[in-house]
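The following paragraphs walk through one interface and two individual residues. Please look over the chains before reading on.

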Number of protein chains: 4
Amino acid sequence: MPRVAVLGATGYTAFELIRILLRNPEVQITAATTRQEGSPPISSIHPALTGQFDLACEDLTPQQIAERADFAFCCLPHAASAAVISELLDGGVRVVDLSADYRLNDPQVYQQWYKVEHPDPERLGKTVYGLPELYRDRIADQDLIANPGCYTSTSILALAPFLKAGLIEPTGIIIDAKSGVSGAGRSPKLGTLYAECNESISAYGVGSHRHQPEIEQVLTDVSGKQVDVVFTPHLTPMDRGILATIYAKPLGDLPEADALAVLREFYAGEPFISVVKDLPSTKHVTGTNNFHVTVRRTKGYLTILAVLDNLIKGASGVAVQNFNLMAGYNETLGLLPV
Amino acid sequence: MPRVAVLGATGYTAFELIRILLRNPEVQITAATTRQEGSPPISSIHPALTGQFDLACEDLTPQQIAERADFAFCCLPHAASAAVISELLDGGVRVVDLSADYRLNDPQVYQQWYKVEHPDPERLGKTVYGLPELYRDRIADQDLIANPGCYTSTSILALAPFLKAGLIEPTGIIIDAKSGVSGAGRSPKLGTLYAECNESISAYGVGSHRHQPEIEQVLTDVSGKQVDVVFTPHLTPMDRGILATIYAKPLGDLPEADALAVLREFYAGEPFISVVKDLPSTKHVTGTNNFHVTVRRTKGYLTILAVLDNLIKGASGVAVQNFNLMAGYNETLGLLPV
Amino acid sequence: MPRVAVLGATGYTAFELIRILLRNPEVQITAATTRQEGSPPISSIHPALTGQFDLACEDLTPQQIAERADFAFCCLPHAASAAVISELLDGGVRVVDLSADYRLNDPQVYQQWYKVEHPDPERLGKTVYGLPELYRDRIADQDLIANPGCYTSTSILALAPFLKAGLIEPTGIIIDAKSGVSGAGRSPKLGTLYAECNESISAYGVGSHRHQPEIEQVLTDVSGKQVDVVFTPHLTPMDRGILATIYAKPLGDLPEADALAVLREFYAGEPFISVVKDLPSTKHVTGTNNFHVTVRRTKGYLTILAVLDNLIKGASGVAVQNFNLMAGYNETLGLLPV
Amino acid sequence: MPRVAVLGATGYTAFELIRILLRNPEVQITAATTRQEGSPPISSIHPALTGQFDLACEDLTPQQIAERADFAFCCLPHAASAAVISELLDGGVRVVDLSADYRLNDPQVYQQWYKVEHPDPERLGKTVYGLPELYRDRIADQDLIANPGCYTSTSILALAPFLKAGLIEPTGIIIDAKSGVSGAGRSPKLGTLYAECNESISAYGVGSHRHQPEIEQVLTDVSGKQVDVVFTPHLTPMDRGILATIYAKPLGDLPEADALAVLREFYAGEPFISVVKDLPSTKHVTGTNNFHVTVRRTKGYLTILAVLDNLIKGASGVAVQNFNLMAGYNETLGLLPV
């Protein structure tokens, strides 16, 4: 049974990850890290784990982690993540990186969007993007997987079937995405105080959100054509969930029924993906690794609507899919049934 | 001082309307109607009015209303509204109709979208659309004003400056709108139960929402060109507020600064409209008659972002603007300062 | 593997029950009932089950249920429940009743609080109350278990250790309880509309809530003394969770540390109960079968604070504990780890 | 027209205060202070004021304030407040202090609960407590008013009628209070992040909240007997509003109808207080200066239920009542109608 470390264990993503790993009978969590002093028990940081799981959260070096774990889930901030991962890999630890550090192929693009020089540029472009529905075959034998962003997964999974089949224009795609507040992390900031974002919806990062180049890179790779999107994220007054409402122009005739069939065929047999007839709500997938998607024909556009739980299918759940594939387990272990 | 009646006094819109009218020193509310039996006091229906205002809500005929009131605000459902208004006008009562009954010009279009034959087709096409920022000069001497829909006002006010100036393509405009749950009314339905729509966002009425033809009709009138929009409303887990995120294609060169200047110039001197630099949140206008709008240039699109309170600037507040104009008062009476 | 039926499958409790049962590897759900016409698939009623579980919800007679199932979870309304259960038991089906029908021992008391004559009075007083932490030994060989109410479990589990040990006064206990809105059920009502209960907290059923006699009956049984409580439930703007803040008078000296020790000793080894040091939040137990409790000494009172998820530990989770015990399985099957 | 300064203008209380003052035709806001650099316009701090009010927020000395203003509303943190107020008074500025600095009479008690030495102990015990419903006659001619705390006002207004008349036991009173999150202020803290307190209710400060000695001091003064309360505040997932559920023991016979009559008589003619028959919800008073209260007889207790808006009747609204009295205006100016 693989020994697993969770790096950066204090955030919401790490919390959900630990809950999923506890349900996975083929995993032993042997280390959890934080920079907080005093090695606090994980249940003091995440009280929901009280009585369920207790491990000290320690400030460990990559070497210490390598002694204790075969796999690491890295929930550190970008740049901090790559700095550690390089050493973990040297120490023989296989890694699923939940940060953005290894998602983009080009160090220049990384620097442009993340405003720091990449700490480990050699691995960029060689790391597999961990979206199993698109890259399943390439994940199993990797030592490092770049786990996708939450908006990114929502957008890519909604669009890939149409782009890959050349059924929509690859440019001018509009992605209007709405996310719960947990996506903004657990660091105290004015903008994510309850009384600031409760009872309010607003856009943010218009034209400048870092998931935009990631969406474009992967969809370009999938479709073989230069994909260009306008991506607008919104902060929605709810804990979790993402809804992407996507507007794309069909190439040639594509009635609604055919568009639905495209989705159904593409995702046939996928354990976590449901092509639904009714309009999806984020609540239908909250707390699960499921992805619901549908499509409507509205005048000259396809309107594609897709939902997932940003902390699970958008982060920790797909990370465990990746881990299961890397470890040679059933991909759904710990994730189904929910 | 005009005597005013509120028809259909039990809903959220009527409640906000009454609060605003109570702040208007030039109004006396002399009648409130409901079909509920027993003539309940308004404070038993809206407990927030306890100690502030009390009037029996009665099941009154148009004739009875005409005896008691000079003006009527009609908050009845569509079709029911027109049936009453015709008689009110005959009785000499001037009316602001908050239903959709007199907004569309064409009885055929009305029937297509509302699925009933219009009860008073002669007045369609002759009734002034009560958006003072666009039609102020025509409102004062009317006996009947069609008060705009909430999504409609948001969309029209955001787009009119650009369409009127011929600066954006009139077709293919995408309006992705997010509304609080109060917009769905106060009748008990599964879909608006707390535990159904809390912690969830979803689209509804994709391609079939009744505000779409209203938006197109008014913007076509404003611009002189056939306007065509794709309108997607979303139910957002909050009481009130609408955010419209609008994607339009500029015609010719239109840098962001110029686009902002277009808005500022168009709305110079408007008491309720602010062209803002930062991205607007619905919370910035909650409880007020204000409208905040900004614009961003994102790749080939203008992204216009606009917010208002659906119950006030999207319904009761603009209704009082219309009333003030009709009664010859300062347009802001009861609405400013807030 | 036992075949299991879920009666009254359309509500929130049934939904959570099905999710838990799907995680229980020793269960096969073979029937789900509703009075809705057309035998709708369960995923059309609970879209979150799409792709995970699909079974037609049918309008089945007790005889039909008995042919298909060995166990039944009864999520029907009170009175309707007892009418069916009697026949199920005759048909050899073992039952966990999630309604209130078999919780009270005295048909007169039932009639007084539920305003209907009890349909099956003979079984009252003979049915085991399904709170495993108190009555575990008596559950296994039963054919019918009365599953506890949500407020009831919270209150009883918080108070039983002190009352059983005679450490607090059995009368004058104040239970100030706060519940999420899902506790009010899934039938459309004005009072549970989003825009009514969002952003608001209020008490309801002061002095008249039906869980009060249930709490008193069980605690009287546990303590051997007549227990008397003042119970005030509150509707809290959140989906789920109950917090009970309980004020009781210690008999004799009982410092805070000793009071905590009483709880810890009483619940040592219980898989779902954690005696915590910090003040519990409902969020710490949301989505789980866990119960967190602590106690403070404040002037002349013990203040006991306890939380659980009303739909799980307060309903469906404890129902599965009872089922597991009846079926001879590990009590935590399907419930841990979460 | 008095010139008014708002000190500490960046918080939620100051925002509501400014909104109320803008509605007060007899006030001119001439200064707003903050320690933020760069003298930001108030609308950049509170975007809801955009287009309605704009004044630079400056880092002003007491002397500068005294040059510009006749009155000051002090929304600074405790201890910081008293340090400034002393100088303001010397400069001839009359002050309503919204901090806790002048509420307690005894510097020792202040130090015990606030953990700092009082900066201006001479004024303690001489400053009038600004609850107009109790101390109206003493407010008008003061230069300094100690504006009450939010929990405090709720509790005192609910209990004073019974305590003053000697109708309930003055000790052992239980106040179980539930507040919206805005009460915790606008400084970023983990505990008030949206994703922490959304969908959760919890108690805090059990036995140690600073409003407890304030409640006891005022009620002791009102009743002439030593009053002793157990006060438990709860953080409730909503922006604003406080509900206090209070349990008190009647002395002698006091049926429910009589208890209601006690409240009605005590508050007859009060413009902001309504004694209601139905159970009050915080939403009934949100955005207003109103206070709703009722009482139930439950077994041996009176259960008193009271609601107010913590930012208005619990802070800024009562501050304007005090100001109006001090300035010789109608007490309701700017506050009614709402």
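How many residue pairs in polar contact does the rule find across the interface of chain D and chain A? The model is a predicted one, and the rule finds twelve such pairs, with both residues of each at pLDDT 80 or more. The side of chain D that takes part draws its largest share, four residues, from helix α8 of chain D, which covers residues 194–197. Sorted by class, that side has ten nonpolar, five charged and four polar residues.

The charged groups can be followed further. Two salt bridges are found by the rule across the interface of chain D and chain A. In a salt bridge between A:E196 and D:R186, the side chains meet at 2.7 Å, N to O.

In terms of contacts, 19 residues of chain D meet 19 residues of chain A. The size of an interface is often expressed as the accessible area lost when the parts come together. Here chain D and chain A bury about 1,600 Å² between them, and 59% of this is on carbon and sulfur atoms. Within chain D, the residues that lose the most area to chain A are D:L193, D:Y194 and D:D239, which together account for 40% of what that side buries.

The next stop is in chain C. C:R240 sits in the loop that connects β10 (229–235) with β11 (242–248) of chain C. Is C:R240 buried or exposed? Its relative accessibility is 16%, so C:R240 counts as buried, the cut-off being under 20%. The side chain of C:R240 has polar contacts with two acidic side chains: one with C:E16 at 2.9 Å, and one with C:D309 at 3.0 Å. Leaving out residues up to four places away in sequence, C:R240 touches C:E16, C:G180, C:S182, C:T286, C:G287, C:D309, C:N310, C:L311 and C:I312, and also D:E199 of chain D.

The last stop is D:S39, in the loop between β2 (28–33) and α2 (42–45) of chain D. D:S39 counts as partly exposed because its relative accessibility is 35%, which falls between the limits of 20% and 50%. Which residues does D:S39 contact, apart from its neighbours within four places in sequence? They are D:A56, D:C57 and D:E58. As for D:L55, it is 16 residues from D:S39 in sequence, and the C-alpha atoms of the two are 9.2 Å apart in space.

How values were computed:
Residues are numbered from 1 along each chain as its sequence is written. Chains are lettered from A and ligands numbered from 1 in the order in which they are written. This is a predicted model: local features need pLDDT of at least 70, side-chain atom pairs count only at pLDDT 80 or more; totals for chains, interfaces and linings use all residues. Side-chain values use heavy atoms; hydrogens and water are left out. Contact means heavy atoms within 4.5 Å. Buried area is the accessible area (1.4 Å probe) that two parts lose on being put together, summed over both. A salt bridge is a side-chain nitrogen of Lys or Arg within 4 Å of a carboxyl oxygen of Asp or Glu. A polar contact is a pair of N or O atoms within 3.5 Å; within protein, one must be able to donate a hydrogen and the other to accept it, and residues adjacent in sequence count only if both atoms are side-chain atoms. Helices (H or I, at least four residues) and strands (E, at least two) are DSSP runs, numbered from the N terminus. Ala, Val, Leu, Ile, Met, Phe, Trp, Tyr, Cys and Pro count as nonpolar, Asp, Glu, Lys and Arg as charged, and the others, Gly among them, as polar. Buried means under 20% relative accessible area, exposed over 50%, partly exposed in between (1.4 Å probe, protein chains only).
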